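Visitor: Hi! I have a protein open on my screen and would like to walk through it with you. Can we start with the overall picture?

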Amino acid sequence: MNSEKFFGTGSGRRLWGWVLFCALVWVGWKAFEEWVFLDGPREAGISDRYPSHSLGDSVLRPTPLQGREAKIVSILLSSRHYRKLGLDDTLSARLWESYFEALDGNKMYFTKADLDSFLPYKYSLDDGLQTEDISVAFEIATLYRDRRLEYVNYVRDSLLLVEPDWTQNEDLILESKLIPRRASMKEIKDRWRKYVKNEMLSLKLAGKSWDETVSLLEKRYKRYAQDLEKLNSGDIFQVYLNTFTNLFDPHSSYFSPRRSEDFNISMSNSLEGIGARLSVEGDYVIITDLVPGGPAQKTGLLHAQDKIVGIAQEDDSTFVDIVGWRLDDVVARIRGPKDTVVRLEIIPHDALDASRLRQVRIVRDKIRLEDASAKKEIHEIEIGAAVYKFGVITIPSFYMDFEAFRQGAEDFASTSKDVARLLAELREEGIHGVLIDLRLNGGGALSEAVNTSGLFIPEGPVVLSRTASEEIMTYEDSDGELAYDGLLAVLVGRFSASASEIFAGAMKDYRRAFIFGERTYGKGTVQNLHDLSHYMPLERVGQVKMTVAKYYRVSGSSPQLRGILPDIIFPSPYDSIVYREISYDTALPWDQIQATTIESKLWVSEDQIQRLKEAYQEHVQTDEKFQAFIRKTEIQRKKLDRKRLSLSYAQRKKEQDEIREPDLPKEGALDKDDLLRESLQLMAVLVSED
């Protein structure tokens with residue numbers, strides 16, 4: 001090469017020399033900065049104690065079958081989903097952003113440079129779906145896997161060597177929206193350090209010594225590395241397709257053959273043995289909800305959003321830490337023969353951090369239909385010298401044995417038949433009123449929501465549905481009979497969804513029942529399941545669930561997003577968004593159609609509702625048990641509202657002491673359920689004034 005031609009002469013050479021000198025200084029400084037501020041000097045023998053993992057040049061790639069399956073799913077969603085979204089650049093950009101969010105929602109792995117490197121594909125992912133080329137998604141996933149591996153090695157090679165300074169005043173940001181997506185590697189590593197320091201602090205607050213903490217985390221991160229080695233194209237395809245389907249709405253999903261057949265964590269989400277529905281958030285396996293009547297629900301100690309951190313078999317075994325495990329491995333640990341014991345170590349949903357652990361013992365059993373059926377109880381409430389008797393019917397879901405019904409069996413199980421029988425039994429007991437408890441009822445069969453509503457109204461429309469083509473269908477009760485004509489109340493909560501909202505909405509619109517509790521979930525959509533084998537008959541492929549219609553109350557208002565608002569709203573630690581449909585960015589909007597004409601006897605008047613509100617406010621001021629419940633609710637809200645966690649031992653200990661829940665005495669059955677007790681108290685007020 002001619003140096004004069006390339007560098008020039010005289011001042012040109014001096015200029016190029018200065019540029020090269022500055023570049024070398026910058027490169028040297030960045031290397032020094034990375035060494036001093038991030039990794040620090042490496043001690044001899046570290047690699048022997050905590051050997052790093054490497055996957056070499058292993059690249060995740062899609063199979064040709066997955067490309068074809070992705071194309072079929074994209075065609076189905078764009079042509080048949082209730083929300084009409086075109087496969088265009090706008091959808092592609094949303095898919096690009098959502099996929100990074102799905103892989104790295106806590107913003108701990110991808111840097112600004114990583115995102116920039118994939119910007120050229122931001123507006124072409126839709127083309128890839130149509131041409132069966134989804135390789136970009138796998139390239140992104142490969143980088144994600146490698147970043148996670150780098151994180152694991154950094155923790156094991158550096159962070160586990162020296163106990164952190166617990167007096168340092170710094171915070172861990174909990175709200176991912178407060179964390180910028182486009183970060184440098186230096187910022188990413190600092191997030192890793194704080195995340196691991198919080199793990200260590202939680203263990204320290206739980207009474208673990210430093211040696212115990214190191215031992216536990218060493219095993220945990222070794223398991224992380226092993227799981228990264230297991231990551232395969234099926235795992236990535238599941239995430240990518242679900243990211244795509246969720247752009248249409250939160251209830252549209254892709255189920256791989258493995259998920260459908262082996263673990264059944266899609267439509268039923270049931271884990272054989274304990275009756276719990278699970279999902280993964282970050283490094284934790286969380287309980288989505290509990291199967292009605294299952295062993296897990298019967299313990300009374302497990303709740304939605306609890307995190308499972310340890311599993312033990314039988315009573316004499318030690319807990320195995322499962323943080324960071326694959327969901328299928330957790331399922332395998334929880335499964336087991338009937339009548340055997342599994343113990344779960346959990347972080348309660350309302351805990352401040354991982355330092356507060358609870359152990360739950362569960363005897364595995366089969367989930368029997370009768371265990372999940374409606375049940376009744378009778379409770380007595382005293383007002384002055386009078387005693388009032390109320391029947392409580394808990395409906396865990398709106399169920400029906402469709403197979404027995406199709407075969408013409410007369411004794412097939414159904415919600416409406418069981419509730420009718422329970423009402424007859426309660427009438428014989430001489431009750432003063434009936435309360436229907438739907439707090440943990442996540443929905444079920446539309447027909448049973450309609451038939452059960454018909455037990456309390458003479459006849460008339462109960463709910464309407466509208467398809468994407470504007471076709472409206474009305475579902476009616478037409479038997480002209482009442483199974484119960486007395487005082488009725490419905491107790492609902494944030495997990496009351498879908499068919500529960502149909503029932504509660506009908507009772508409200510017909511002015512048939514008083515509604516107590518929290519605003520309901522707000523799911524007003526209808527889904528159908530499509531088996532992809534119909535389009536690819538010779539292949540082992542999955543299924544896609546998509547939203548095809550919306551529900552509407554007879555008032556014309558959709559339960560979507562808004563849910564059912566109670567007449568008397570009880571205190572809750574949760575705001576109006578958390579754990580509800582409205583929390584999803586892609587949820588379908590609320591709307592309304594023309595109201596349907598109905599005839600109502602006006603069982604519930606505005607004057608009665610106003611009187612109940614006044615009685616409730618008076619009771620809140622004077623009832624010590626309910627005041628204690630309100631204090632507990634406020635404490636829980638403080639925990640849930642936190643956006644940051646202090647990483648100072650003294651500060652965290654102080655925060656724990658400040659929000660420690662009061663230990664309330666539990667004298668009777670109703671003392672264990674403050675909202676049920678308050679609901680029956682209000683019903684007793686109505687009876688006493690008649």
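Visitor: How many helices and strands are there in the protein?
Guide: The protein has 22 helices and 19 strands. Keep in mind that this is a predicted model.

Visitor: Okay, and how much of it is buried?
Guide: Of its 690 residues, 51% count as buried. The protein exposes about 32300 Å², and carbon and sulfur atoms supply 51% of that area.

Visitor: What share of the contacts comes from residues 24 or more positions apart?
Guide: Among contacts with a separation of 6 or more, such residues account for 75%.

Visitor: Let's talk sheets. What is the strand order in the open sheet of six strands?
Guide: The order is 9-10-11-14-15-18, and the pairing is mixed. Strand 9 and strand 18 (568-569) are the edge strands, each pairing on one side only.

Visitor: Which helices pack on that sheet?
Guide: Helix 18 (residues 499-509) packs on the sheet, where it touches strand 11, strand 14 (488-492) and strand 15 (514-517). The direction of helix 18 makes about 140° with that of strand 14. Helix 22 (residues 674-689) also packs on the sheet, touching strand 9, strand 10, strand 11, strand 14, strand 15 and strand 18. Its direction makes about 60° with that of strand 9.

Visitor: Back to strand 9 and strand 10: parallel or antiparallel?
Guide: Antiparallel: nine bridges join strand 9 (residues 375-383) to strand 10 (residues 386-394). In this pairing Ile383 stands opposite Ala386, and Glu382 has Val387 as its bridge partner.

Visitor: What's in the turn there?
Guide: The two strands form a hairpin with two residues between them, and Gly384 in the turn has a positive phi of about 65°.

Visitor: And how does strand 10 pair with strand 11?
Guide: Those two run in the parallel sense, with five bridges between strand 10 and strand 11 (residues 433-437). One of the partnerships is Thr394 with Asp437 in strand 11.

Visitor: New topic: which residues touch the most other members of the largest nonpolar core?
Guide: Ile393, Ile436, Phe456, Val490 and Met507 do, in a core of 116 residues. Helix 8 (residues 135-159) supplies the largest share of this core, with 13 residues. Apart from it lies another core of 31 residues, including Val392, Leu435, Phe629 and Val685.

Visitor: Can you zoom in on Phe456? What does it touch?
Guide: Leaving aside residues up to four places away in sequence, Phe456 touches Val419, Leu423, Ile436, Leu482, Tyr484, Leu488, Phe503, Met507, Arg512 and Trp603.

Visitor: I also clicked on helix 17. Why is it largely enclosed by the rest of the structure?
Guide: Because six of the eight residues of helix 17 (residues 446-453) are buried. They are Leu446, Glu448, Ala449, Val450, Thr452 and Ser453.

Visitor: What do those buried residues pack against?
Guide: Their neighbors are helix 16 (415-428), strand 12 (460-467), strand 13 (472-477), helix 18 and strand 17 (543-553).

Visitor: Last one: at what angle do helix 19 and helix 20 pack?
Guide: Helix 19 (residues 606-622) and helix 20 (residues 624-640) pack at about 85°, with their axes 6 Å apart. They are therefore roughly perpendicular to each other.

Visitor: Which residues meet there?
Guide: From helix 19, Tyr616, Val620, Gln621 and Thr622 meet Glu624, Phe626, Gln627 and Ile630 in helix 20.

Notes
Residues are numbered from 1 along each chain as its sequence is written. This is a predicted model: local features need pLDDT of at least 70, side-chain atom pairs count only at pLDDT 80 or more; totals for chains, interfaces and linings use all residues. Side-chain values use heavy atoms; hydrogens and water are left out. Helices (H or I, at least four residues) and strands (E, at least two) are DSSP runs, numbered from the N terminus. Buried means under 20% relative accessible area, exposed over 50%, partly exposed in between (1.4 Å probe, protein chains only). Contact means heavy atoms within 4.5 Å. Accessible areas come from the Shrake-Rupley method with a 1.4 Å probe; for residues, only the protein chains shown count as cover. Two strands pair if DSSP finds at least two bridges between them. A nonpolar core is a set of buried Ala, Val, Leu, Ile, Met, Phe, Trp, Tyr and Cys residues joined through side-chain atoms within 4.5 Å. Axes are lines fitted to C-alpha atoms, for helices over the stretch in contact, and angles run from 0 to 180 degrees between N-to-C directions. Angles under 35 degrees count as roughly parallel, over 145 as roughly antiparallel, 65 to 115 as roughly perpendicular and the rest as oblique.
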